[in-house]
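Reader: I am new to this structure and would like a close look at a single part of it. Could you start from one residue and work outward with care, explaining each term as it comes up?

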Amino acid sequence: MPKQLLRLYHNLEFDEVKSHTLEYGVLSGVCSKCKNIDVKLDATACPQCATPFKYIAFQNVREHIPKMLRIQAERPNVFFLDYQDFKRVEGEQRARNILG
Ligand SMILES: [Zn+2]
């Protein structure tokens, strides 16, 4: 049967997710834990802080679907995280921290 990429929703602890996410832009990634830039997409851990990447959040999913399929085949334990969700929750958390 042909497979399709479909989004699922999981109830996750955001701090844990944030410390293991690679945020991937057009050509390079950012470690969400230490904000190290220029992380390669194929990095399984951050070259700077050594956190293992369990999640990858693509800024533009449509451009990266072939890469996502390849990564999923090679690294079945990696989950793709919706970038908008990630940024929304991060922003809410930051606002809560500012307000105390
Ligand atoms: Zn890092």
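## From a loop into the sheet

Author: Alanine 50 is found in the loop between strand 3 and strand 4, where strands (E, at least two residues) and helices (H or I, at least four residues) are DSSP runs numbered from the N terminus. This is a predicted model, in which local features need pLDDT of at least 70 and side-chain atom pairs count only at pLDDT 80 or more, while totals for chains, interfaces and linings use all residues. Residues are numbered from 1 along each chain as its sequence is written.

The phi of alanine 50 is near 70°, a positive value in a residue other than glycine. Alanine 50 is also exposed, because 10 other C-beta atoms lie within 10 Å; a residue counts as exposed with 12 or fewer other C-beta atoms within 10 Å of its own, as buried with 20 or more, and as partly exposed in between, the C-beta atoms being placed from the backbone. Lysine 35, in the loop between strand 2 and strand 3 (37–39), likewise has a positive phi, near 65°, and is exposed, with 11 other C-beta atoms within 10 Å.

The strands bordering these loops belong to an open sheet of five strands with the order 3-2-1-4-5 and mixed pairing; two strands are said to pair if DSSP finds at least two bridges between them. Strand 3 and strand 5 stand at the edges, each with a single partner strand, so one side of each is left without a neighbour in the sheet.

Strand 4 (residues 55–58) is joined to strand 1 by four bridges, and the two run parallel. Within this pairing, threonine 21 has tyrosine 55 as its bridge partner, and leucine 22 stands opposite isoleucine 56. With strand 5 (residues 79–80), strand 4 shares two bridges, again in a parallel arrangement, and here tyrosine 55 stands opposite phenylalanine 79.

Strand 1 (residues 21–24) is also joined to strand 2 (residues 29–31), through three bridges and in antiparallel fashion. These two strands form a hairpin with four residues between them; in it, tyrosine 24 stands opposite glycine 29, and glutamate 23 opposite valine 30. In a regular strand the side chains alternate between the two faces of the sheet. In strand 1, Thr21 and Glu23 point one way, Leu22 and Tyr24 point the other way, and all are buried.

Two of these strand 1 residues, Leu22 and Tyr24, are among the 11 residues of the largest nonpolar core, which also includes Val17, Cys31, Cys46, Ile56, Ala57 and Phe58; such a core is a set of buried Ala, Val, Leu, Ile, Met, Phe, Trp, Tyr and Cys residues joined through C-beta atoms within 7 Å. Strand 1 and strand 4 are the elements that give two or more residues to this core, and strand 4 provides its largest share, three residues. Cysteine 46 touches Cys31, Lys33, Cys34, Asn36, Val39 and Thr51, leaving aside residues up to four places away in sequence, where contact requires C-beta atoms, placed from the backbone, to lie within 7 Å.

Beyond strand 4, the chain passes asparagine 60, in the loop between strand 4 and helix 2. Asparagine 60 is exposed, with 10 other C-beta atoms within 10 Å, and its C-alpha atom is separated by 24 Å from that of glutamate 13, 47 residues apart along the chain.

Strand 4, helix 2 (residues 61–74) and strand 5 together make a right-handed β-α-β unit; right-handed here says that, with the strands pointing away from the viewer, the path from the first strand over the helix to the second runs clockwise. Helix 2 has 14 residues and reaches 18 Å from its first C-alpha to its last, close to the 20 Å expected at 1.5 Å a residue, a span taken as 1.5 Å times one less than the number of residues. There is a kink of about 40° in helix 2, centred on lysine 67, the bend at a residue being the angle between axes fitted to the seven residues ending there and the seven starting there. Of the 14 residues of helix 2, the number buried is zero, so helix 2 lies largely in the open.

Definitions and conventions:
Two residues are in contact if their C-beta atoms, placed from the backbone, lie within 7 Å.
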